[in-house]
Amino acid sequence: MKNDVYKILKIISGSAKFVSKHPVTALNELKTKVTYTECATQNDLVCIIADVGGKQYEGYAMTKKDAKKKAAEQALKDLFNIVCVESLYIISYGFKFYYIL
């Protein structure tokens, strides 16, 4: 099922590429030298910095896990124009495909 969705997403993606994977997994598959470090904040949010080849991407959230995910999402969007979606529904109508996030 996931492979079929991925194949369809490649067809309908347009300018952005959609991947049905967790952002951290997708980034680690594309770039092997990714380091994540925690940085200090002045509020209750957690900050994680993803360092990818010298470029840094920040992610802020209430938990370390979510902050790491947001940093990976930023890196994927900037470096590869990839958007990760965890649940995706595809509707076909004739020769056009529509996706619902």
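This passage describes the strands, a buried helix face, the salt bridges and a surface patch in a predicted model.

The strands are taken up to begin with. Strands β2 and β3 run antiparallel, and six bridges join them. C39 is one of the paired residues, and its bridge partner in β3 is C47. The link between β2 and β3 is a hairpin of six residues. Strand β3 also pairs with β4. These two strands run antiparallel as well, with seven bridges between them. Here A50 has Y57 of β4 as its bridge partner. The hairpin of β3 and β4 has two residues between the strands. In this hairpin, G53 takes a positive phi near 60 degrees. Strand β3 therefore has bridges to β2 and to β4. It is also mostly covered, since six of the seven residues in β3 are buried.

Helix α2 spans residues 23-30. Its buried residues are P23, V24, A26 and L27. They lie on the same side of α2, because they cover an arc of only 165 degrees around the axis. A general rule of helix geometry helps here. An α-helix has 3.6 residues a turn, so residues three or four places apart point the same way. Several elements cover the buried residues of α2. Among them are the strands β2 (34-39), β3 (46-52) and β5 (82-84). Helix α3 (64-80) is also part of this cover.

Charged side chains come next. Side chains of opposite charge can pair when their charged atoms come close. The model has three salt bridges. In one of them, the side chains of K21 and E29 meet, at 2.5 Å from N to O. K21 counts as partly exposed, because its relative accessibility is 32%.

Another salt bridge joins the side chains of K64 and E38, at 3.3 Å from N to O. K64 lies in helix α3 and E38 in strand β2, so this pair ties together parts that are 26 residues apart in sequence.

K55 and D78 also form a salt bridge, and their closest N and O atoms are 3.1 Å apart. K55 belongs to strand β4 and D78 to helix α3, so the pair ties together parts 23 residues apart in sequence. Both side chains come from residues that are partly exposed. K55 counts as such because its relative accessibility is 41%. For D78, the value behind the same label is 44%.

The surface also holds a nonpolar patch, formed by L45, Y60 and M62. Together these residues have about 290 Å² of accessible area. M62 sits in the loop between β4 (55-61) and α3. It is exposed, because its relative accessible area is 57% and the cut-off for exposed is over 50%.

In short, α2 has its buried residues on the same side. Strand β3 is mostly covered. Salt bridges tie helix α3 to strand β2 and to strand β4. M62, in contrast to the buried residues of α2, is exposed.

Note on methods: Residues are numbered from 1 along each chain as its sequence is written. This is a predicted model: local features need pLDDT of at least 70, side-chain atom pairs count only at pLDDT 80 or more; totals for chains, interfaces and linings use all residues. Side-chain values use heavy atoms; hydrogens and water are left out. Buried means under 20% relative accessible area, exposed over 50%, partly exposed in between (1.4 Å probe, protein chains only). Helices (H or I, at least four residues) and strands (E, at least two) are DSSP runs, numbered from the N terminus. The arc is that of the directions from the helix axis to the C-beta atoms. Contact means heavy atoms within 4.5 Å. Patches are made of residues with over 30% relative accessible area and no salt bridge: like charges are joined within 9 Å, nonpolar side chains (Val, Leu, Ile, Met, Phe, Trp, Tyr) within 5 Å. Accessible areas come from the Shrake-Rupley method with a 1.4 Å probe; for residues, only the protein chains shown count as cover. A salt bridge is a side-chain nitrogen of Lys or Arg within 4 Å of a carboxyl oxygen of Asp or Glu. Two strands pair if DSSP finds at least two bridges between them.
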